[in-house]
Amino acid sequence: MTLEQLRAAIDGVDDRILELLRERADLVEQVGRVKDKSGDSYYAPEREENLLRRLVGSNRSRLPEAGVRAIYREILSSMRALEQTIKVAYLGPRATFSHQAAARHFGSAVELCPERTIGEVFEAVERGRAHYGVVPIENSQEGSVNATLDRFMDSDARICAQVFLPVELNLLGRGPLAKVRRVYSHPQPFGQCRRWLAEHLPAVECVEVSSTARAAELAAAEEGTAALASGLAGEEFELPVLASSIQDSSSNVTRFFVIGRKSAPPSGHDKTSVMFAVKDQPGALAKALAPFEQAGISLTRIESRPSKRQAWEYYFFADLAGHADGVKLAAALADLAGVCAFTRILGSYPDTPAA
C-alpha cells in the first residue's frame, strides 16, 4: 500500500473508534441515570481496575501495558465526566509529583484542586470541598511520608485506591551550576539525591519547603538558587535544567493513596491498610500479628510512628493482602481488635501493579 492509502486506512479506523466512543458514551449516560437513583458513586476504582486488567490481559496489539492503561485512563476520565465533574485535591502548587499522580490516575477530565499541605488535602475531602484527594505515602528509596501517616491518626478519610509514579528529579535554575548557593526542595527529594548533592554541590545550603513545585517557584524568583523538582515544574516556572535525572537510584518510585469518604468495594485483587496500637505488655505485637499468620494473610508492609499524644506511645501501620470484607481478613481484623488498645481500618482498595 502507498503512504496515502495507509493514511486513508488509518482515517477509517479512527472514524470507527469515534463511533464506538459515541456508543460507549450513550451507555455511560444511561449508567449515570441509574446511579442518580441508587446513590452509587460515579467513581468506581474497583470497576476501573478490573476493566484495565481485563483489557491488558486480552491485548494482542503492539501497544505495551502502560500504553493500554494510559489510553483507557483518558477514556474512563472523559466518560466519568459525562456523569459528574469530580474534584480531586492534591499537594500543590501545579507541577508537583502529587499533581502528576492525580492526573495519571484520574485523567484530564477532572477538576484538580491544589492545596498547600498534605493536611489540607485531607481537610478538603473531610469537609466536602473535594470528592477525593491524592497524598504521597511512601518512596521506594526514602520510605514513608510521615506527614501522611500522622494525618491518618485523626482523619475519617478512607483509602480507596493507590497510584505508583516513577520519579525523575532534576536540578532546575537560571544560573550556571557553579553559581548555585542554595537549593530548595521537599525533604524526600533531598534524601533521594543525597549522593549527587554531596558530590556536585557539597557546600550549598539545602532548604526544605512544602513541595517540589514550591521549590521551583522560589528558585525562579531568586538569584543563585536552584530547585530539585520534576521536568514539568521546570516547564511551569520556565526554569532551565542544570542537571537531569540526578536521583541516586534509577528505580525511584513514589506510591500515593487516593483518599475519599469510603473504601472501594472488593475487586478480587485488593489490599487493606490498618492502624493499631498494642497494649503495653510483653509480646503484645506478636499477639497482634498472630491472627494474620494463622489465617495465611500476607503483611506487605508494617511500621511504627510516635502517637504524639504520650511519650513512648506508638501506633503501627500495616498493609495486608485482601479486602476487609473478605471472610478471612474480616475474622483476622476482629481478632486484632480483641488484643489491641486501638484499631482502625484505613481502607481497602485495588492492588494495582507498581509502575
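## Report on a predicted model

Pro93 sits in the loop that connects strand 1 (87-91) to helix 4. Helices (H or I, at least four residues) and strands (E, at least two) are DSSP runs, numbered from the N terminus. The model is a predicted one, in which local features need pLDDT of at least 70, side-chain atom pairs count only at pLDDT 80 or more, and totals for chains, interfaces and linings use all residues. Residue numbers start from 1 along each chain as its sequence is written, and side-chain values use heavy atoms, with hydrogens and water left out.

### Backbone geometry

The peptide bond between Gly92 and Pro93 is cis, with omega of about 5°. Most residues other than glycine have a negative phi, and most peptide bonds are trans. Positive phi values occur at Gly107, Glu238 and Ser245. Gly107 comes just after helix 4. The table lists the two residues among these that are not glycine, with their loops and accessibility; buried means under 20% relative accessible area, exposed over 50%, and partly exposed in between (1.4 Å probe, protein chains only).

| Residue | Phi | Loop | Relative accessible area |
|---|---|---|---|
| Glu238 | about 55° | between helix 10 (231-236) and strand 10 (241-243) | 63%, exposed |
| Ser245 | near 50° | between strand 10 and strand 11 (253-260) | 34%, partly exposed |

Helix 4 (residues 97-106) is mostly covered, with seven of its 10 residues buried. The buried residues of helix 4 are Phe97, Ser98, His99, Ala101, Ala102, His105 and Phe106. Gly107, which follows this helix, has a phi of about 80°.

### Helix 2 and helix 3

Two packed helices are described by the angle between their axes and the distance between the axes. For helix 2 (residues 45-58) and helix 3 (residues 65-83), the axes come within 10 Å and cross at roughly 140°. Axes here are lines fitted to C-alpha atoms, for helices over the stretch in contact, and angles run from 0 to 180 degrees between N-to-C directions. Helix 2 and helix 3 are therefore oblique to each other; angles under 35 degrees count as roughly parallel, over 145 as roughly antiparallel, 65 to 115 as roughly perpendicular and the rest as oblique. The crossing is right-handed, a term used if the near helix is turned clockwise from the far one by less than a right angle.

On the helix 2 side, the contact (heavy atoms within 4.5 Å) is made by Glu48, Glu49, Leu51, Leu52, Arg53, Leu55 and Val56. Their counterparts in helix 3 are Glu65, Val68, Arg69, Tyr72, Arg73, Leu76 and Arg80. The residues of this contact divide into seven nonpolar, no polar and seven charged. In this scheme Ala, Val, Leu, Ile, Met, Phe, Trp, Tyr, Cys and Pro count as nonpolar, Asp, Glu, Lys and Arg as charged, and the others, Gly among them, as polar.

### The four-stranded sheet

Strands 13, 14, 12 and 15 form, in that order, an open sheet with antiparallel pairing. Two strands pair if DSSP finds at least two bridges between them. Strand 13 (299-306) and strand 15 (340-350) are the edge strands, and each pairs on one side only. Neighbouring strands of the sheet are turned by 15° against each other on average, direction ignored.

Strand 12 (residues 270-278) runs antiparallel to strand 15 and is joined to it by nine bridges. Within this pairing, Lys271 stands opposite Tyr349 and Ala277 stands opposite Phe342. With strand 14, strand 12 pairs in the antiparallel sense over six bridges, and Ser273 has Asp319 as its bridge partner there.

Helix 11 (residues 284-295) lies across strand 12, strand 13, strand 14 (314-321) and strand 15, and runs at about 155° to strand 12. Helix 12 (residues 327-339) lies across strand 12, strand 14 and strand 15, running at about 155° to strand 15.

Eight of the nine residues of strand 12 are buried, so this strand is largely enclosed by the rest of the structure. Phe276 belongs to strand 12 and is buried, with a relative accessible area of 1%. Not counting residues up to four places away in sequence, Phe276 touches Leu285, Ala288, Leu289, Ile302, Tyr315, Phe316, Ala318, Leu336, Cys340, Phe342 and Thr343. Phe276 and Arg129 are 147 residues apart in sequence and 29 Å apart in space, C-alpha to C-alpha.
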